[in-house]
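Open your viewer, switch on the cartoon, and keep the selection box handy. We will go from one stop to the next, looking at what each selection shows.

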Amino acid sequence: MLEGAPASKRVSKTCKRGSTPRPFAITFTVDIMGLKFTDSQIQHLMEYGDSDWSATEFEDAVQRDKEFSSQFSKLKSANDKGLKDVIANPRNDLTDLENRIRDKLRARGFIEVHTPIFVSKAALAKMTITEDHPLFRQVFWIDDKRALRPMHAMNLYRVMRELRDHTNGPVRIFEIGSCFRKESKSSTHLEEFTMLNLVELGPDGDAMEHLKMYIGDIMDAVGVEYTTTREESDVYVETLDVEIDGVEVASGAIGPHRLDPAHDIHEPWAGVGFGLERLLMLKNGKSNAKKTGKSITYLNGYKLD
């Protein structure tokens, strides 16, 4: 018997030689597997919908193609209806999420900053992102000295250090903007993605508790349930990661940290970074982060063409 075949699809046969009875019989099974949607059909369905059609089976190609046409027509109709609603009621899901986050952080006394997208090779080296670091291979280099930022951290280190000279109290800053990494093809990864990074230097209390509080603020703005877990990190050694249904959406850390002296930081801090497209993907039940990110193909998850 062939292992792994669906029981309802198995047909057993007994083969005998000639008409002479035999003391044994050879029993085997033949899998009668139903047809599935073609790769091209699944691709078209996934462009407009978010269900998993990969396991759906049909008795024959006629039934399969008829079901594909029916499903595609429904998805296309719902997609067009969604676009008309966006036009009638103007909004952008990513912008709306960013603004809810801004409101939360400003209420906590955070200052929003905007730093350059170009970063130097030296700035990356301060984050230990050198040629022997795994993240180095994911960096988009402009020339031999400059790159597109793969994160906000190196710039926020610089800004919070400069602000420290102007106050004795906590320094709270955040940035929302594009970061860039050469990512492997995945439904949850983008090569250009919107990163939220926040950091508090010199918290007036336990840094870890403040980190958890700020994570709670962000997830409250998103409006989804989450869990946290401790993980090892290539940059920060150990992080407090945020997950939704087992999918990582953020990594947080606290200092003092071994990276701090290179940035002239010598006191406790708490910081965390979120990928906003992935947050939206999971909140809105989308199958791919491309549907929620910067795009000329999708708007609020609806396909434009």
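Which ring does the charged end of Lys286 sit over? Select Lys286 and Tyr302 together: the charged end of Lys286 lies over the ring of Tyr302, 5.6 Å from the ring centre. For another arrangement of this kind, select Lys121 and Trp141, where the charged end of the lysine sits over the tryptophan ring at 6.0 Å from its centre.

**The whole protein**

Now zoom out, and keep in mind that this is a predicted model. Coloured by secondary structure, the protein shows seven helices and 15 strands. Of its 305 residues, 41% are buried. If you draw a contact map, look away from the diagonal: among contacts with a separation of 6 or more, 59% join residues 24 or more positions apart. Turn on the surface as well; the accessible area is about 17,100 Å², and carbon and sulfur atoms contribute 51% of it.

**Helix α2**

Select residues 61-88, which form helix α2. Does its length match what its residue count predicts, or what does a ruler say? The end C-alpha atoms of α2 are 40 Å apart, and its 28 residues at 1.5 Å a residue should span 40 Å, so the two agree. At the start of the helix, show the side chain of Asp60: one of its oxygens comes to within 3.2 Å of the backbone nitrogen of Val62.

Next, highlight the buried residues of α2, which are Arg64, Phe68, Leu75, Asn79, Gly82, Leu83 and Val86. To see what covers them, add the elements around the helix, including α1 (39-48), β3 (35-36), β4 (57-58), β14 (298-299) and β15 (302-303).

**Aromatic rings**

Show the side chains of Phe, Tyr and Trp; there are seven aromatic pairs to find. One of them is Phe68 with Phe72, a stacked pair with 5.8 Å between centres and 25 degrees between planes. Both belong to helix α2, where four residues, about one turn of the helix, separate them. Are these two residues buried or partly exposed? Phe68 has a relative accessibility of 17%, so Phe68 counts as buried, while Phe72, at 23%, counts as partly exposed.

For a contrasting geometry, select Tyr157 and Trp269: their ring planes meet at 75 degrees and their centres are 6.4 Å apart, so this pair is edge-to-face. The pair bridges distant parts of the chain, with Tyr157 in helix α5 (residues 153-164) and Trp269 in strand β13 (residues 269-275), 112 residues apart. Tyr157 is buried at 4% relative accessibility, and Trp269 is buried at 5%.

Back at α2, widen the selection to Phe37, Tyr48, Phe58, Phe68 and Phe72, which ring pairs link into a cluster.

**Glu200 and its surroundings**

Select Glu200, in strand β9 (residues 192-201). How accessible is Glu200? Its relative accessible area is 0%, so Glu200 is buried. Which side chains make polar contacts with the side chain of Glu200? Draw two distances: 2.8 Å to the side chain of His210, and 3.0 Å to the side chain of Tyr214.

Then show everything that Glu200 touches beyond four places in sequence: Phe110, Pro170, Val171, Arg172, His210, Tyr214, Pro268, Trp269 and Ala270. Trp269 should look familiar from the edge-to-face pair with Tyr157. For Arg172, try a backbone distance too: Glu200 and Arg172 are 28 residues apart in sequence, yet their C-alpha atoms are 4.4 Å apart.

**Two last stops**

Move to Glu98, in helix α3 (residues 93-107). With 13% relative accessibility, Glu98 counts as buried. Beyond its neighbours within four places in sequence, Glu98 is in contact with Ile176, Thr194 and Leu276.

Finish at Ala125, in helix α4 (residues 121-126). Ala125 is partly exposed, with 35% relative accessible area. Draw one more line, from the C-alpha of Ala125 to that of Phe136: these residues are 11 apart in sequence and 9.6 Å apart in space.

Notes. Residues are numbered from 1 along each chain as its sequence is written. This is a predicted model: local features need pLDDT of at least 70, side-chain atom pairs count only at pLDDT 80 or more; totals for chains, interfaces and linings use all residues. Side-chain values use heavy atoms; hydrogens and water are left out. Helices (H or I, at least four residues) and strands (E, at least two) are DSSP runs, numbered from the N terminus. Buried means under 20% relative accessible area, exposed over 50%, partly exposed in between (1.4 Å probe, protein chains only). Contact means heavy atoms within 4.5 Å. Accessible areas come from the Shrake-Rupley method with a 1.4 Å probe; for residues, only the protein chains shown count as cover. Rings of Phe, Tyr and Trp (its six-membered ring) pair if their centres lie within 6.5 Å; planes under 30 degrees apart count as stacked, over 60 as edge-to-face and the rest as tilted. A charge sits over a ring if NZ of Lys or CZ of Arg is within 6 Å of the ring centre and within 35 degrees of the ring normal. The expected span of a helix is 1.5 Å times one less than its number of residues. A polar contact is a pair of N or O atoms within 3.5 Å; within protein, one must be able to donate a hydrogen and the other to accept it, and residues adjacent in sequence count only if both atoms are side-chain atoms.
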